[in-house]
Amino acid sequence: VYSSITPFMPHFLKVHYGEDSAHIGLFFASFGLGAVASTFFWSPLIMRVPSDWVILVSSTVGFLAACVFLLPFHLSLPLLLVARIVMGMASMGTCTAGMVFLANLYPKDMLGRISGLTQMSLSTGLLVGPAVGGWLYEYHGFRAPFWLNAGLYAAQICLFLVVVPGTHKSQ
């Protein structure tokens, strides 16, 4: 989700909102702001609520934030900024709870390999996201990458609901 907009969003913000490079940089930083600020929310919550519920809630929040970019009318820059911050918050919730979930699910001797595979899949998204997002924007317009992002969130939520029940160990 984070990297799929990097090829086109600077141009889009400049053309449609007249933003300069400094403000565009702040727009991109807003995702990180949401992620960092929400750490103080997600970390204690994961100690009180099962990690699978945190993953489900944060994924749903991310889905809703991605859907903001799909609204069929002109989007205000403050609304886009808030949606981006919320995406960062949701991402941190999913990542933090996901690591706890995996730690509870797998034996200690497998955690290194499982953590490595998890980080590799995150890096694969950073590798593939800009190419796919740029292609979708170029050939299908501004909202196409966000349709993909919302679809990936929806697929993650559905897959999680289908695959995960019964696998959660009490924390």
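**Notebook: a surface patch and a pocket**

Started at Leu127, which I found in helix α5. Worth keeping in mind that I'm working from a predicted model.

Next I checked the cover on that side chain: is Leu127 buried or exposed? Its relative accessibility comes out at 67%, and the cut-off for exposed is over 50%, so Leu127 counts as exposed.

Then I looked for company around it. Leu127 belongs to a nonpolar patch on the surface, along with Val128, Val132, Leu148 and Leu152. Together these residues have about 420 Å² of accessible area. I wanted to know which helices supply the patch. Two of them, α5 (111-140) and α6 (144-163), each put in at least two residues. The top contributor is α5, with three residues.

Moved on to pockets. I pulled up the largest one and noted a volume of about 1,400 Å³. Its lining runs to 39 residues. Which of them lie nearest the centre? I wrote down Thr94, Cys95, Ser121, Leu122 and Gln156. As for elements, α4 (77-105), α5 and α6 are the ones that give two or more residues to this lining. Here α5 gives the most, with 12 residues.

Last lookup was the chemistry of the pocket wall. I got 24 nonpolar residues and 15 polar ones in the lining. How many charged? None at all.

Note to self on α5: this helix gives the most to the nonpolar patch, and it also gives the most to the lining of the largest pocket. I'd also jot down that α6 turns up in both places, supplying at least two patch residues and two or more lining residues.

Note on methods:
Residues are numbered from 1 along each chain as its sequence is written. This is a predicted model: local features need pLDDT of at least 70, side-chain atom pairs count only at pLDDT 80 or more; totals for chains, interfaces and linings use all residues. Side-chain values use heavy atoms; hydrogens and water are left out. Patches are made of residues with over 30% relative accessible area and no salt bridge: like charges are joined within 9 Å, nonpolar side chains (Val, Leu, Ile, Met, Phe, Trp, Tyr) within 5 Å. Accessible areas come from the Shrake-Rupley method with a 1.4 Å probe; for residues, only the protein chains shown count as cover. A salt bridge is a side-chain nitrogen of Lys or Arg within 4 Å of a carboxyl oxygen of Asp or Glu. Helices (H or I, at least four residues) and strands (E, at least two) are DSSP runs, numbered from the N terminus. Buried means under 20% relative accessible area, exposed over 50%, partly exposed in between (1.4 Å probe, protein chains only). On a 1 Å grid over the protein atoms alone, a cavity is a set of points where a 1.4 Å probe fits but cannot get out, and a pocket is an open set with protein on both sides within 12 Å along at least five of seven lines; lining residues have an atom within 4 Å of a point. Grid points are joined across faces, edges and corners, and a volume is the space filled by probe spheres set on the points. Ala, Val, Leu, Ile, Met, Phe, Trp, Tyr, Cys and Pro count as nonpolar, Asp, Glu, Lys and Arg as charged, and the others, Gly among them, as polar.
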